[in-house]
Structures are given as C-alpha cells and as structure tokens.
Amino acid sequence: MSSKVILKHLLVIAGALAVSNSALADEQLNKAMASPKNWASQAGDNANHRYSELNQITSANVKDLQVAWTFSTGVLRGHEGGPLVVGDTMYVHSPFPNKVYAINLEDQSMRWKYEPRQDPGVIPVMCCDTVNRGVAYGDGKIILQQADTTLVALDMKTGKEVWKTKVGNPKVGESNTNAPHIFKNMVITGISGGEFGVRGRLTAHDLKTGKELWKAYSVGPDADMLMDPAKTMTWTNGKMAPVGKDSSLKTWSGDQWKIGGGTTWGWYSYDAATNLLYYGTGNPSTWNPSQRPGDNKWSMTIFARDLDTGKAKWVYQMTPHDEWDYDGVNEMILADIKVAGKPRKTLVHLDRNGFGYTLDRVTGELLVAEKFDPKVNWATHIDMKTGRPAVVDKYSTSLGGEDVNIKGICPAALGSKDQQPAAFSPKTGLFYVPTNHVCMDYEPYKVDFTAGQPYVGATVSMFPAPNSHGGMGNFIAWDAGTGKIVWSKPEKFSVWSGALATAGDVNFYGTLEGFIKAVDNNGKELWKFKTPSGIVGNVNTWEYKGKQYIGVLSGIGGWAGIGMAAGLTKPNEGLGAVGGYKELSNFTELGGVLTVFAIPGNVTVASAK
Amino acid sequence: MTCLSPRLASCTLLLLAIAAPMTAQAQEFPTSSRVEYVFECMKNHDSKYEYLYKCSCAIDAIAKQLSFDDYAELSTAKRHQGLGGERGAEFRDPTLVKQMVRKYQQVEQVAANACFIQ
C-alpha cells in the first residue's frame with residue numbers, strides 16, 4: 001500500500017467521521033422540543049408552526065386570564081422575538097445591547113444575566129431599529145446573535161461564554177437582528193444590511209465550538225452560493241429544471257452583485273425527513289431599480305439547502321428585479337396539508353410582496369400563489385407556468401424611472417406582512433397571519449455606494465389601503481391549500497406581533513396599541529388586555545407546575561431613540577435608511593416588558609366546556 | 001315613576017341608570033389603564049403629589065370624551081409620532097393618523113382645562 005493510498009484511506013475515514021458527526025441531532029433540544037411544556041426554540045419547533053398542544057387555556061376560559069408576573073428588560077426600543085422556556089428556566093433577550101436573562105420560573109428570580117460589551121458603532125448601520133429576535137437553545141447552551149455580528153454561546157446554567165465568533169463586519173454596514181437557529185448540531189445564522197449594500201449569506205457553525213462549517217452567499221458565483229448548476233433546481237416553464245451555470249451573475253450588471261444585498265434576517269426552518277434547511281433572501285441593493293438592471297438573482301428567493309453541506313437543492317425567486325423593497329425573508333412554514341385535494345408536504349410562505357406561496361418543499365414545485373390581501377395591486381397574479389409576477393406597468397418604479405413618484409402601490413415597502421411570524425394549526429389546517437394593510441408612493445433616486453453608508457435610493461410615503469376599512473392591519477386566517485382568505489379581522493394599525501395557535505382552539509397576537517388579543521378559530525375576539533407598550537414581539541406559551549402560561553414582550557421603539565443610545569446629538573446621525581427623525585416622545589415605560597398571563601386557581605382541561 | 005318616596009337612594013340609582021350611556025363608557029376604561037395614565041402623567045409633571053389628583057381628574061375627563069378603544073388608538077397614534085425609520089412612516093405619513101393625533105390633543109386639552117393641568 002503506497003503512502004498515497006494510505007492518505008486516501010485516511011481521508012475517506014476522516015470524511016466519514018465528519019459526515020457522521022454532522023448528522024448528529026442535538027438530543028437535548030429534540031427532547032425539550034418534544035414536550036409542549038417547553039418553548040425550546042423561537043417558533044416552538046423546527047417547522048415554524050408557532051403552535052402548542054397545550055389546551056388548558058381554551059376558547060371558553062381565555063376571558064379569565066390575569067397577569068401572573070412581569071419582567072422588565074430595562075431597555076427601550078423594539079422588542080421582537082420572544083422568550084424560550086426549558087424546564088424550570090426562562091431565557092429572555094433584549095434589543096441592543098442584547099442582554100440575556102435566565103429567570104427561575106419558580107420565583108422569577110434571576111439565575112444569571114449576560115450583557116455583552118458591544119461597539120455602539122454598529123447602531124448607525126442598523127436600518128430598522130436595534131431589534132433582536134431572540135436566542136436559541138441546544139447542547140446545554142444558549143446562543144445569542146449580537147447586533148455587532150458576534151455569535152456567542154453561553155452556558156445555560158451559568159451564563160458564562162463557551163465560545164464566540166464573528167460572522168460579519170459592522171464597518172462595512174453588516175449587522176444582525178435575526179435569531180440564531182439550531183438544527184441538529186449546527187447553529188445557523190444570517191446577516192442584515194440590505195440598505196448598506198451588504199452581500200447576503202447564511203453560515204452554519206458547529207454547536208460545540210462555533211467553528212464555521214459552511215457559508216452560502218445569496219448572490220454571486222455558483223461556488224460562493226454552494227450552487228450546483230446541474231443539480232440545483234428551480235421552477236421553469238411549469239416544471240423543475242437545473243438553474244444552469246452562473247445563474248446569479250447573468251442577472252446582474254457587471255460587478256453589482258458584490259453589493260447586491262439578498263440578506264438573510266428572517267426565520268429559518270428545517271425538515272429532518274429530507275435534511276433540508278429553508279429560508280428566504282432579502283431585497284437587492286439599492287432600492288433604486290434603475291441602477292441594477294436584471295433579475296438580481298438570487299435576492300427575493302426561497303432557498304432549500306442540504307443542512308450538512310449547505311448545497312442548494314432548489315430555489316424559487318418570488319420578486320425578480322425588485323422595485324418595491326419586498327424582502328423575501330419572511331418565515332418558511334413547513335406544513336403537511338391538502339393541495340387540490342391531495343396531501344402534500346408543503347412549504348408555505350406569506351411574502352412581503354402580498355402573495356401567499358405554497359410549494360412542494362421536497363421538490364420545490366410551485367403549487368399555489370395567491371394574494372393574501374385583496375388590495376395588493378403591483379402585480380395582477382403570479383404566472384403559474386413561469387412562476388413570475390405579472391407586474392402592472394403603472395406601479396413599476398423601474399418603468400417610471402428615477403425621480404418619478406409612483407403613486408398608490410399596494411402593499412407598501414413594509415410588505416403585506418413583515419417578519420412577524422404567522423402560526424399554523426395542524427388542528428384546523430389554517431395559518432393565522434398578522435398583516436399590514438398599507439400602501440405607498442415610491443420615488444427612486446440615484447445613489448452612490450460607499451461601504452458602511454446607507455445605500456437606499458428611494459423616498460417612500462405610506463398610507464392605509466384606500467377603499468377599505470380605514471385601518472392599517474388585519475389578522476387573517478389563510479388556507480394555503482387553496483390560496484384563500486378564510487376570515488380577516490381588521491385592526492387600526494399594522495399587526496407587527498408574531499401569532500400563536502393552540503390546541504385550546506384559541507389563537508393569540510399583539511397590536512401596536514399594546515393589546516394582546518385572543519381569538520377563536522373563527523376570528524372572534526374573546527379577550528384582550530392592554531400591556532404597557534405596543535407589541536412587536538411574538539406570543540409564546542408554556543406549562544410550569546401544571547399550569548399553562550402565555551407570555552409576550554411589549555415595547556416598541558424606533559430610530560428616534562437610537563441617537564440617545566449611541567450618544568449622538570445630531571438628529572440624522574442615527575439614521576440608517578429611509579424616514580426622517582422626529583423628536584423622541586416621552587417614554588415613561590421602564591423599557592420592554594414581558595407580561596405573563598395565566599388563569600387563577602385550579603384549572604383542568606375538563607373544566608373547559 | 002315617582003320620586004317622592006322616602007326611598008330616595010334607589011330613586012337616584014334609577015336616574016343614574018337612565019344616564020347610563022356616559023357612565024357605561026367611563027366604566028369601560030380598565031382601572032389598570034387609568035392608573036397607567038396617572039403614573040405617566042405624574043411623571044411628566046416632576047412626580048408632584050398634587051398631580052395624583054390632577055391626572056386622575058384628567059383620565060376621568062378623557063374617559064368621558066372617548067370610548068376605551070378610541071382612547072387606545074388615538075393615544076397610540078400620538079405616542080408613536082416619534083417612531084423613526086421605515087416602520088415609523090406608518091405613524092408619520094398617513095393623514096388619518098395626523099387627524100387622530102389632533103383629536104387626541106384636543107381631548108387632552110379639554111381634560112387639562114378641567115383639571116388645572118399646566
């Protein structure tokens with residue numbers, strides 16, 4: 001046996017070891033997730049269902065909910081995401097500076113607190129408030145993705161740092177708002193900065209050490225995107241076909257892909273049956289479409305990747321050549337539902353662009369694409385053969401060109417729905433979706449690129465959807481099998497809180513007035529409670545010592561407060577992207593508050609009739 | 001119905017019941033939301049003790065003018081005028097929200113005038 005052969009053998013063995021290692025599931029997380037008493041990941045499961053089997057709180061007794069306890073994070077500004085509950089401990093996070101608290105559920109005392117030292121220099125490159133969407137749990141660790149792109153693992157018992165790594169560089173406009181996700185023994189994280197010409201990507205890290213295992217860009221050369229021109233498939237003329245060579249490069253002018261956006265700040269999901277990881281990519285940079293001719297692939301795209309290798313299995317671009325900032329990052333919900341009468345393994349995605357997409361999550365085939373807000377007007381429909389939107393000329397900001405104000409586009413840049421995640425109830429087969437009901441005027445203008453500086457290039461003005469109920473939001477039930485709205489509950493303001501569905505036939509969401517609301521499966525409001533601030537967090541539920549609890553973070557802020565946090569005095573210094581600065585309103589709240597509800601006394605499932 | 005009997009108290013109650021629409025509206029405000037208003041209002045006036053009375057007076061005066069849901073919506077519109085960024089546009093841009101803010105300012109002014117609030 002020559003040394004060459006030995007080496008080859010060794011490599012094969014090493015390769016086999018690496019594969020078996022990466023195929024290991026995290027037993028702790030799997031075990032925790034299997035019990036509805038815990039809320040062990042941000043969505044409660046890997047499929048992004050935001051559904052709980054707990055049924056102590058029902059449509060009959062939900063009206064009896066009272067505040068059980070509260071916890072203040074001491075931080076102002078928007079509180080997105082929600083707490084995790086594992087056993088007798090809750091893990092709560094805050095916006096920048098991204099504190100993490102471990103709370104003993106027995107007496108709400110603090111087990112530990114972690115406050116990272118972060119360079120506030122990252123704040124001016126955060127486009128849309130200094131939010132953070134929460135922590136992840138697995139392998140005895142709590143994983144935090146800090147704003148300054150540091151990914152850190154904390155010992156869940158002590159809060160001490162186990163490992164730390166950087167996934168980006170704030171000096172070139174990169175930051176993070178996404179929650180890290182743990183699938184098997186890997187931590188998956190993304191990047192924000194689409195308004196700064198950042199080149200989006202997803203990275204996978206070893207849960208034990210933080211070591212980067214793979215990195216997959218959204219745009220650029222095939223090798224960078226971990227794309228196989230012959231094997232990565234996409235919907236083409238009514239069937240799946242290989243994407244072909246340089247599928248991204250061909251859709252950009254020159255080197256523009258290098259600052260092409262396609263950031264990855266949403267919610268990811270994972271299907272163990274196929275080992276596929278799903279997520280969406282954001283807008284192409286800039287917002288001025290005239291400056292970046294072409295489809296700008298693969299921005300605005302649903303990606304399915306093999307978790308172990310990162311290789312792209314299939315892709316589907318929803319909004320080619322974006323002209324409205326309709327980021328495609330919203331959650332990918334994996335649901336087994338009937339489509340056209342047949343049971344399918346689907347991926348359901350309610351996009352910012354106002355269309356609800358249902359795809360076969362194994363193959364990537366496009367099954368359904370319908371408007372989930374009837375006011376959506378930028379496209380008449382999705383051509384089911386090509387998968388492309390039929391764009392209406394008069395709402396095309398690209399056709400209009402620079403310095404032309406295109407009026408009455410629905411939805412607004414915020415989308416018919418932003419990142420606030422929907423819930424899926426396997427019990428009803430329906431999706432409960434928090435939505436925006438807002439339209440806009442959009443005027444693109446020419447902008448030059450400087451690393452670390454805003455790269456926006458459009459002025460936007462928003463208003464409630466005309467000829468409707470006058471409000472700016474709806475909470476809807478969506479049938480993804482048929483692409484139909486089942487019911488729609490109007491709200492005065494956009495609904496920016498994540499929903500929760502439960503086996504108790506009661507569904508929850510929060511409003512900007514600060515109400516947490518409970519509705520039955522028909523959309524009838526059963527209960528509401530005014531928390532101290534607007535709700536942009538996600539409603540979660542768990543059980544402790546035999547009692548079911550409901551919790552939600554309230555606290556909304558915006559750029560107005562950023563100047564203060566950064567120690568800035570000039571009004572425009574804290575600004576990232578669009579919008580003007582207004583005087584800070586009088587905040588008297590003690591920062592974000594987690595309000596926890598339960599039904600007093602002994603409640604048994606049987607008591608609900 | 002006559003009110004000549006010695007049962008004056010019950011008679012008064014009946015009269016109050018007739019005047020119910022306004023009363024019902026006022027009752028509709030959860031105590032917690034009234035207390036919250038008073039806390040915030042006191043804080044905005046250097047936490048002076050006399051503002052316990054003035055701010056309580058003010059929220060009662062507001063509750064006489066608005067339903068609780070309207071109060072929640074209008075006060076939210078005003079509070080988030082300072083919300084920046086893309087999201088803040090929802091509160092900055094629409095005429096509807098501007099009208100809501102003006103309406104709430106008027107309501108608060110009426111309350112301030114009625115309660116010696118400066």
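Two strands count as paired if DSSP finds at least two bridges between them. Keep that cut-off in mind for the strands below, and note that this is a predicted model.

Start with strand β15 of chain A, residues 233-236. Its partner β16(A) covers residues 239-242. The two run antiparallel and are joined by 4 bridges, so they meet the cut-off of at least two. Within this pair, A:Thr236 stands opposite A:Lys239. The hairpin of β15(A) and β16(A) has 2 residues between the strands. One residue to look at here is A:Asn237, which takes a positive phi near 45°.

β15(A) also pairs with β20(A), the strand of residues 312-317. This time the sense is parallel, over 2 bridges. A:Met233 has A:Trp314 of β20(A) as its bridge partner. Strands of a sheet pair through backbone hydrogen bonds, and the pairing may be parallel or antiparallel. β15(A) takes part in both kinds: antiparallel with β16(A), parallel with β20(A).

Follow the chain past β20(A) into the loop that leads to β21(A), residues 333-339. A:His321 lies in this loop. A:His321 is not a glycine, yet its phi is positive, about 50°. Most residues other than glycine have a negative phi.

Now turn to an open sheet of 3 strands in chain A. The order is β27-β30-β31, and the pairing is antiparallel. β27(A), residues 406-409, and β31(A), residues 458-464, are the edge strands. Each of them pairs on one side only. From one strand to the next, the twist averages 20°. β30(A) spans residues 438-444 and is joined to β31(A) by 7 bridges. One of the pairs to find is A:Pro444 with its bridge partner A:Ala458 in β31(A).

A second open sheet in chain A has 5 strands. Read across, the order is β1-β34-β35-β36-β37, with mixed pairing. β1(A), residues 51-52, and β37(A) stand at the edges; each has a single partner strand, so one side of each is left without a neighbour in the sheet. β1(A) runs parallel to β34(A), residues 500-502, and 2 bridges hold the pair. The bridge partner of A:Tyr51 is A:Ala501 in β34(A).

The loops of chain A deserve a look as well. A:Cys410 and A:Pro411 are joined by a cis peptide bond, with omega about 0°. A:Pro411 is found in the loop between β27 and β28 of chain A. A second cis peptide bond joins A:Ser285 and A:Thr286, with omega about -5°. A:Thr286 sits in the loop between β18(A), residues 276-280, and β19(A), residues 301-306. Most peptide bonds are trans.

The loop between β27(A) and β28(A) also holds A:Asp418. The side chain of A:Asp418 meets that of A:Arg352 in a salt bridge, at 2.8 Å from N to O. A:Arg352 belongs to the loop between β22(A), residues 342-350, and β23(A), residues 355-360. The two residues are 66 apart, so the pair links distant parts of the chain. Side chains of opposite charge can pair when their charged atoms come close. Over all chains, the structure holds 33 salt bridges.

Where do chains A and B meet? 42 residues of chain A are in contact with 29 residues of chain B. Between them, the two chains bury about 3000 Å², 60% of it on carbon and sulfur atoms. The count of salt bridges between chain A and chain B is 2. In one of them, the side chain of A:Lys528 meets that of B:Asp69 at 2.4 Å, N to O. Polar contact between the chains comes to 4 residue pairs, both residues at pLDDT 80 or more.

Two edge strands return here. β31(A) and β37(A), residues 525-530, each supply at least two residues of the side of chain A that touches chain B. β31(A) gives the most, with 5 residues. By class, this side of chain A has 20 nonpolar, 11 polar and 11 charged residues.

Notes. Residues are numbered from 1 along each chain as its sequence is written. Chains are lettered from A and ligands numbered from 1 in the order in which they are written. This is a predicted model: local features need pLDDT of at least 70, side-chain atom pairs count only at pLDDT 80 or more; totals for chains, interfaces and linings use all residues. Side-chain values use heavy atoms; hydrogens and water are left out. Axes are lines fitted to C-alpha atoms, for helices over the stretch in contact, and angles run from 0 to 180 degrees between N-to-C directions. Contact means heavy atoms within 4.5 Å. Buried area is the accessible area (1.4 Å probe) that two parts lose on being put together, summed over both. A salt bridge is a side-chain nitrogen of Lys or Arg within 4 Å of a carboxyl oxygen of Asp or Glu. A polar contact is a pair of N or O atoms within 3.5 Å; within protein, one must be able to donate a hydrogen and the other to accept it, and residues adjacent in sequence count only if both atoms are side-chain atoms. Ala, Val, Leu, Ile, Met, Phe, Trp, Tyr, Cys and Pro count as nonpolar, Asp, Glu, Lys and Arg as charged, and the others, Gly among them, as polar.
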